[in-house]
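These are my notebook entries on a few helices and one loop residue. I record what I looked up, item by item.

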Amino acid sequence: MKTVLDKIYEYNDEKDRKLLLSAYSYAELMHEGQKRASGEAYFTHPCAVAEILIDLGMDVPSVAAAFLHDVIEDTQATDEDIRSRFGEEILTLVDGVTKLDKIRFQTHEDEDAENFRKIFVAMANDVRVIIIKLADRLHNMRSLNFLSNERQQRIAKETLDIFTPLAGRLGISQIKCELEDLCLKYLDPEAYEHLVTSIHQKLAERRSFVEFVVNELKKMLEDSGIKGEVFGRPKHFYSIYKKMKRQGKSLDQIYDLSAVRVIVGSMEECYEVLGKIHKEWKPVPGRIKDYIATPKRNMYQSLHTTVVTNFGQFFEIQIRTQEMHKMAEYGIAAHWKYKEQKSSETGFDQRLSWIRDVMDWQGSLNDSKEFVDSLKNDLYSNELLVFTPQGKVISLPLEATPVDFAYAIHSEVGNKCTGAKVNSRIVPLNSALHTGDVCEILTSPNTKGPSWDWLKFVKSGSARAKIRQFFKKEMKEENIRTGKAMLEAEAKRKGYNLGDILTEESFRKLSNKLVFSSVNEMMASVGYGAVSVNQVLFKLIDYYKKEIPKPAEVLSSEKLKHSPAGSVTVKGMGGLLVRFAHCCNPVPGDDIIGFVSRGRGVIVHRGDCPNLADIDPERLQPAQWTGDVDTEFIAGIKIIATDDNGLVAFVTAEISAMRLAMTQINGRLNKDKRAEFDIKIKLNKRSDIDLLVKKLKKDSRIIDVYRTTNR
């Protein structure tokens with residue numbers, strides 16, 4: 001068997017050989033003395049990764065980076081060492097893989113989402129980084145048996161969830177299939193062993209049958225004067241396992257355990273061979289797939305047909321050209337392995353365009369979890385193929401709707417969409433499309449834009465992101481107003497004033513977490529739903545509680561502005577800037593306490609305010625009213641009554657008789673079917689509210705009346 005060194009010496013260019021041997025030697029030196037979990041020298045790992053990439057046909061910088069991909073992370077080597085020895089390009093690849101190696105997918109959904117986004121950023125910068133990482137993961141999976149069962153399960157699940165779909169989307173079936181089989185081995189070992197044992201027992205019988213089919217097809221090609229190759233391929237275990245699970249069948253009921261491939265010279269010959277096969281053997285209805293005319297989203301092309309022999313044996317045949325075969329096996333890596341082929345360049349550009357599209361619309365999403373949710377259908381699900389009236393094929397996720405179709409054509413088509421026809425019939429915009437449908441989008445230049453409700457049923461991440469992007473850009477001012485109103489209302493409901501908790505310092509901390517460039521951007525993001533009200537408020541309230549320094553640090557006239565009102569004295573000090581808490585609305589005559597805030601003076605609460613329980617006692621100072629209060633205050637009362645008939649008129653009359661002003665009233669029935677009223681009243685002193693409560697309690701309809709807080 002050839003070693004990685006043997007494969008290096010096969011490079012024709014002496015300069016390439018010299019660079020790879022230098023990377024080999026340097027990595028060997030830096031990893032000297034390090035061991036893997038298997039007990040082998042650690043250097044065997046980068047050698048194995050490099051060998052996988054050589055077999056894929058990757059370029060010299062990628063193979064060199066494979067030798068070096070762990071030296072910065074695990075040895076004394078520095079970025080500058082790699083740059084000076086091997087150049088900036090190789091350093092960039094090594095650095096990219098090193099950053100991905102630091103990613104750990106655990107159970108925290110938000111962290112996993114952010115890590116997943118990092119992988120796509122790395123792919124967008126240089127797709128070779130993710131190919132090196134896939135090779136690295138493949139070798140780690142091959143040697144997973146030396147780790148604990150817990151780590152085997154975690155790494156295998158992570159691989160199946162993240163890396164195998166990426167390999168599939170990039171069209172690298174060699175890596176995808178082996179990774180899936182290795183994942184199955186550790187995630188469902190009993191099923192894996194059953195498949196291996198059962199399939200091996202019938203190996204001779206199946207091999208004999210495949211030989212028969214191959215010989216028949218070779219004779220068919222020869223009689224038709226078509227040059228080509230024919231060979232059998234056993235289906236990998238995971239694909240059989242999935243089919244058994246999906247169809248609820250046992251292994252004995254799965255007939256097409258092997259596939260036969262026919263490789264011919266041209267597209268025309270592919271269709272000619274398909275016709276001759278169907279003339280010889282009966283095709284199974286619904287099992288003929290033309291991926292040449294309508295390639296898969298990863299640019300895979302081939303004709304698939306399942307046929308049955310005269311003695312009742314089912315088998316699958318795949319027909320493709322040599323060029324299609326290269327692309328099917330190596331995917332995006334074919335760009336380097338067969339770089340002289342122009343069609344490979346086209347496939348490479350098309351695959352990269354998918355990555356670029358993802359990165360374009362991910363920029364409109366502030367939240368990484370939202371990015372992953374938007375991507376899942378694009379990455380994991382099967383696809384359906386829908387036609388435009390002009391015959392163009394649009395690839396969409398399963399259960400996609402006409403709105404998904406509209407945005408797949410162009411953002412403006414989606415934004416101006418008013419209706420849709422499917423197969424010449426008007427259908428609702430939330431209808432599920434099916435493969436083969438002809439969809440026509442009806443548009444109007446007068447439409448204001450998409451509906452927010454569309455987000456409830458669109459299936460493609462691209463459509464979802466473009467809808468959000470519209471609301472973000474086109475309705476910015478309205479979103480700012482909406483977001484501000486939502487934050488103010490919820491803050492008030494929680495017993496806070498938005499102006500108190502949204503300070504320059506708290507916003508700076510918040511923007512570090514949620515990446516807002518301005519307060520208006522934050523308000524707009526809340527308004528159009530990119531972030532929730534509570535995502536913002538919980539953090540602001542937390543910062544508000546933590547940012548207050550100890551009283552000794554702030555109770556000086558130098559740090560607090562003087563208040564012209566002078567209505568409250570805090571710890572014997574008058575003339576401070578005073579604010580009155582909106583949660584409990586203290587009025588003159590209430591027992592009060594001062595809450596010292598950084599740069600905003602003292603916030604005065606009622607002594608019985610329930611929010612004081614959340615505050616460090618050391619941050620509170622005794623406070624009292626002065627005798628010269630000349631300011632109006634707002635106080636809240638709650639009334640609970642057995643009957644609300646005429647009650648509002650009675651309460652209003654009592655308030656008016658005392659020459660007080662009612663600023664707000666809200667009424668409802670509680671769970672006990674009793675009437676509840678929350679009333680806000682403008683007054684100057686506590687005795688007014690005490691007298692009003694006393695007078696109201698005399699009415700027989702009223703069960704209780706008391707002062708309220710807005711906790």
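**Entries on helices and a loop**

I began with helix α11, in a model that is predicted. I noted that Ile 175, Leu 179, Glu 180, Asp 181, Leu 182, Cys 183, Leu 184 and Tyr 186 of α11 are buried. I then checked the length of α11, residues 173-187: at 1.5 Å a residue, its 15 residues should span 21 Å, and its end C-alpha atoms are 20 Å apart, which agrees.

Next I turned to Ser 143, which sits in the loop between α9 (127-142) and α10 (149-169). Is Ser 143 buried or exposed? Its relative accessible area is 14%, under the 20% cut-off, so I entered Ser 143 as buried. I also found a polar atom of the Ser 143 side chain 3.1 Å from the backbone oxygen of His 139.

I then looked up how the helices on either side of this loop pack. The axes of α9 and α10 come within 11 Å and cross at roughly 145 degrees; the crossing is left-handed. On the α9 side, the contact residues include Ile 130, Leu 134 and Met 141, and on the α10 side they include Ile 155, Phe 163 and Leu 166. I listed this contact by class as 8 nonpolar, 1 polar and 3 charged residues.

Last, I examined α29 (residues 647-657) and α30 (residues 686-696), whose axes come within 11 Å and cross at roughly 145 degrees. Here the crossing is right-handed. Phe 650, Val 651, Glu 654 and Ile 655 of α29 meet Leu 692, Lys 695 and Leu 696 of α30. I counted 5 nonpolar, no polar and 2 charged residues in this contact.

Notes. Residues are numbered from 1 along each chain as its sequence is written. This is a predicted model: local features need pLDDT of at least 70, side-chain atom pairs count only at pLDDT 80 or more; totals for chains, interfaces and linings use all residues. Side-chain values use heavy atoms; hydrogens and water are left out. Axes are lines fitted to C-alpha atoms, for helices over the stretch in contact, and angles run from 0 to 180 degrees between N-to-C directions. Helices (H or I, at least four residues) and strands (E, at least two) are DSSP runs, numbered from the N terminus. A crossing is left-handed if the near helix is turned anticlockwise from the far one by less than a right angle, and right-handed if clockwise. Contact means heavy atoms within 4.5 Å. Ala, Val, Leu, Ile, Met, Phe, Trp, Tyr, Cys and Pro count as nonpolar, Asp, Glu, Lys and Arg as charged, and the others, Gly among them, as polar. The expected span of a helix is 1.5 Å times one less than its number of residues. Buried means under 20% relative accessible area, exposed over 50%, partly exposed in between (1.4 Å probe, protein chains only). A polar contact is a pair of N or O atoms within 3.5 Å; within protein, one must be able to donate a hydrogen and the other to accept it, and residues adjacent in sequence count only if both atoms are side-chain atoms.
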